[in-house]
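Visitor: I'd like a close look at a single part here, one helix and what surrounds it. Could you take me through it slowly?

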Amino acid sequence: MTERIPEIELNDGLKVPAIGFGTYRLKGEAGVKSLTTAIDAGYRLLDSAFNYENEGTIGEAVRQSSVPRDQLFITSKLPGRHHAYDKAVATIQESLYRARLDYYDFYLIHWPNPNVNLYVEAWQAMIEAKKQGLIRSIGVCNFLPEHIERLIKETGVAPSMNQIELHPLFNQEEQRRWHKEHGIVTESWSPLGRGSSILENDKLAEIAGRYNKSISQVILRWHVQLGAVPIPKAGSVEHQRDNLNVFDFALTEAEMETISGLTSASGRIADQDPATYEEF
C-alpha cells in the first residue's frame, strides 16, 4: 500500500504534493490510459506543457478519473514563442480550452528566453490570469536567480516554484540554496537522470540494498529529503507504484552526501544553458 503523499506549502499558501508524475510524450488513448493508472496508483500532481501537445490528453484523463478534480494538481507551461503579453494571455486561455478545464493549479514559464527579453511580460500576464482565477499558482522553469530577481523587482511577485533539471549527476546545490533563501520550491525534471547510467551506479546500489529498495526509489527519496518535488515518468503500473513508495524510509545524512557527491561537470543531460537558450 502506497504511503500517503506529504504536501509542501508554497509561498502563496497553496500546497503541492511532494512527488508528481511527468507526462512528456504521453499522448492520445495510450497517454490517457497511462495517466489514469497513475492517478489510481496515488499520483495527484500531473505535469504537462503547451509544447508537449498533450493538454487534451491530461484533461481527458482527469475526466475519466474517479478522483475529483479538486483533489488533483494539474500543471502546464507557457512556451517561449508566446512571451509577449497578449500572446501569453491567449495561450493560457488556449491551454484551458485544449484540456477542457476551468483552471490550472500551476502554470509555469517554460524557459526565460533572455535573448528575446519578454519574460517579464509573460509573468505579468500570468499574474493577471491568476487574479482572474484561471491559475491557482504561478511559477517558472529553468530560470536562473538573476531572472527571478528581475521578476520580483519589476512586479513584486515571486514564483511559487522553479522547475529545473535536478538529479544526482547534476545536483544544483547553489540554485537550490538560492531557492530556499527566497522561499521558492524546487521542482525536479528528469529526476532519475534521463538517458544516464545513474541507475547502474554501484554506490546507489549499495544504499538501495540496505533498505530493500530500488535505485530509483533511493534517488527519489534523495529528492524528497532535499525538499525538492520530483516528477518522474513511468510506463508500467508497477514502476508508477514503486516510484511513490519512497515515504516509508529515510536516508542518513552520510547517504545524502554520497548521492549529492555523484554530481559532475558533465552530468547535465542537455546543453541548454538558461542564460542563453531559446525555447520555442
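Guide: Happy to; we start with one helix and then move out to the sheet and the core. A word on the basis: this is a predicted model, in which local features need pLDDT of at least 70, side-chain atom pairs count only at pLDDT 80 or more, and totals for chains, interfaces and linings use all residues. Residues are numbered from 1 along each chain as its sequence is written, and side-chain values use heavy atoms, with hydrogens and water left out.

The helix is α3, residues 85–99. Helices here are DSSP runs of H or I with at least four residues, strands are runs of E with at least two, and both are numbered from the N terminus. The expected span of a helix is 1.5 Å times one less than its number of residues. For the 15 residues of α3 that gives 21 Å, and the end C-alpha atoms lie 22 Å apart, which agrees. After α3 comes R100, with a positive phi near 55°.

Now look around the helix. Buried means under 20% relative accessible area, exposed over 50%, and partly exposed in between, using a 1.4 Å probe and protein chains only. In α3 the buried residues are A88, T91, I92, S95, L96 and A99. Because they cover an arc of only 135° around the axis, they sit on the same side of α3; the arc is taken from the directions from the helix axis to the C-beta atoms. On the face turned away from that buried side are the exposed residues D86 and Y97.

What covers the buried residues? The cover includes α2 (55–64), β5 (73–78), β6 (104–109), α4 and β7, where contact means heavy atoms within 4.5 Å.

Three of those names, β5, β6 and β7, recur in an open sheet of 8 strands, ordered β3-β4-β5-β6-β7-β8-β9-β10 with parallel pairing. Two strands pair if DSSP finds at least two bridges between them. The edge strands, β3 (21–22) and β10 (229–230), each pair on one side only. Within the sheet, 2 bridges join β7 (residues 135–141) to β8 (residues 161–165), and C141 has Q163 as its bridge partner in β8.

Finally, α4 leads to the largest nonpolar core, which has 68 residues; F21, I74, W123, M126, L204 and L251 have the most contacts inside it. Helix α4 (residues 119–131) gives the largest share, 8 residues. Such a core is a set of buried Ala, Val, Leu, Ile, Met, Phe, Trp, Tyr and Cys residues joined through side-chain atoms within 4.5 Å.
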